[in-house]
Amino acid sequence: MPTTMEVESTLTERYQTTVPASVRSALRLGKRDKIHYSIRPGGEVVLSRAVDVEAADPALGAFLGFLAHDMTQHPERLRAVDVDLVQRIQALTAGVELDMGAGLSPDDE
């Protein structure tokens, strides 16, 4: 079973904190790097190293920016994903393995 390390930091009067060295090391963080926070329903917060989407794919970054802007300007347009659709997707993709790090085949290029 993997070992879990727990560390603490203190908030300043301005709600700032120093990221402990062990966390910086685990996330391979350097100066000016960004941290991504995932907040789970039970109040648990998971930190990870943020990925610069625009640097990785400028078109995707622009599209995600457009979506974020549209969701902010028109929250009434947001709809929950239908449970039936989720179940259908899960049924269609059951047993499908995907390696996100693998390159495309010549046919897919």
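Which side chain meets that of R49 in a salt bridge? The first legend gives the answer, and the other legends turn to further parts of this predicted model.

**Figure 1. The side chains of R49 and D33 meet in a salt bridge.**
In this predicted model, the partner of R49 is D33, and the N to O distance between the two side chains is 2.8 Å. R49 belongs to strand 2, which covers residues 45-49, whereas D33 sits in the loop between helix 1 (21-27) and strand 1 (35-39), so the pair ties together parts of the chain that are 16 residues apart in sequence. R49 has a relative accessibility of 37% and counts as partly exposed, and D33, with 32%, also counts as partly exposed.

**Figure 2. R40 and E44 are joined by a salt bridge between their side chains.**
This pair is one of the three salt bridges that a search of the whole structure finds, and here the distance from N to O is 3.1 Å. The relative accessible area of R40 is 44%, so this residue is classed as partly exposed, a class that lies between the limits of 20% and 50%. E44 is likewise partly exposed, with a relative accessible area of 47%.

**Figure 3. D70 forms a salt bridge with R77.**
The closest N and O atoms of D70 and R77 are 3.3 Å apart, which is within the 4 Å that a salt bridge allows. D70 has a relative accessible area of 25% and is therefore partly exposed, since a buried residue would have under 20%.

**Figure 4. A nonpolar patch on the surface includes M71.**
The patch is formed by L60, F63, L64, F66, L67, M71 and L78, and together these residues have about 640 Å² of accessible area. M71 is placed in helix 3, which runs over residues 58-73, and M71 is partly exposed, with a relative accessible area of 43%.

**Figure 5. The largest pocket has a volume of about 730 Å³.**
The lining of this pocket is made up of 21 residues, and those closest to the pocket centre are V7, P20, V23, V45 and L47. Helix 1, strand 1 and strand 2 are the elements that each give two or more residues to the lining. Among the contributors, helix 1 gives the most, with four residues.

**Figure 6. Two arginines in the loop between helix 1 and strand 1 have positive phi values.**
R28 is found in this loop, and its phi is near 55 degrees, which is a positive value in a residue other than glycine. R28 counts as exposed, at 64% relative accessibility. R32 also has its place in the loop between helix 1 and strand 1, and although R32 is not a glycine, its phi is positive at about 75 degrees. The relative accessibility of R32 is 83%, and R32 therefore counts as exposed, a class that begins over 50%.

**Figure 7. G43 and K31 are separated by 28 Å in space, C-alpha to C-alpha.**
Along the sequence, G43 and K31 are 12 residues apart. G43 lies in the loop between strand 1 and strand 2, where G43 is exposed, with a relative accessible area of 52%.

**Figure 8. The C-alpha atoms of L104 and L78 are separated by 33 Å.**
These two leucines are 26 residues apart along the chain. L104 lies in the segment after helix 4 and is exposed, with a relative accessible area of 56%. L78, in turn, is one of the residues of the nonpolar surface patch.

**Figure 9. The confidence of the prediction is given for the chain and for its elements.**
The chain has an average pLDDT of 87, and 94% of the residues score at least 70. Among the elements of the chain, helix 4, which spans residues 83-93, has the highest mean pLDDT, with a value of 94. The lowest mean pLDDT among the elements is 66, and this value belongs to helix 2, which covers residues 53-56.

Definitions and conventions:
Residues numbered from 1 in each chain as written. Predicted model: local features only at pLDDT ≥ 70, side-chain atom pairs only at ≥ 80, totals over all residues. Heavy atoms only, no water. pLDDT = per-residue confidence, 0-100. Patch = residues over 30% accessible without salt bridge, like charges linked within 9 Å, V, L, I, M, F, W, Y side chains within 5 Å. Areas by Shrake-Rupley, 256 points an atom, 1.4 Å probe, with all protein chains shown as cover. Buried < 20%, exposed > 50% of the residue type's maximum accessible area, 1.4 Å probe, protein only. 1 Å grid on protein atoms, 1.4 Å probe; cavity = no way out; pocket = protein on both sides within 12 Å on 5 of 7 lines; lining within 4 Å. Points joined across faces, edges and corners; volume = space filled by probe spheres on them.
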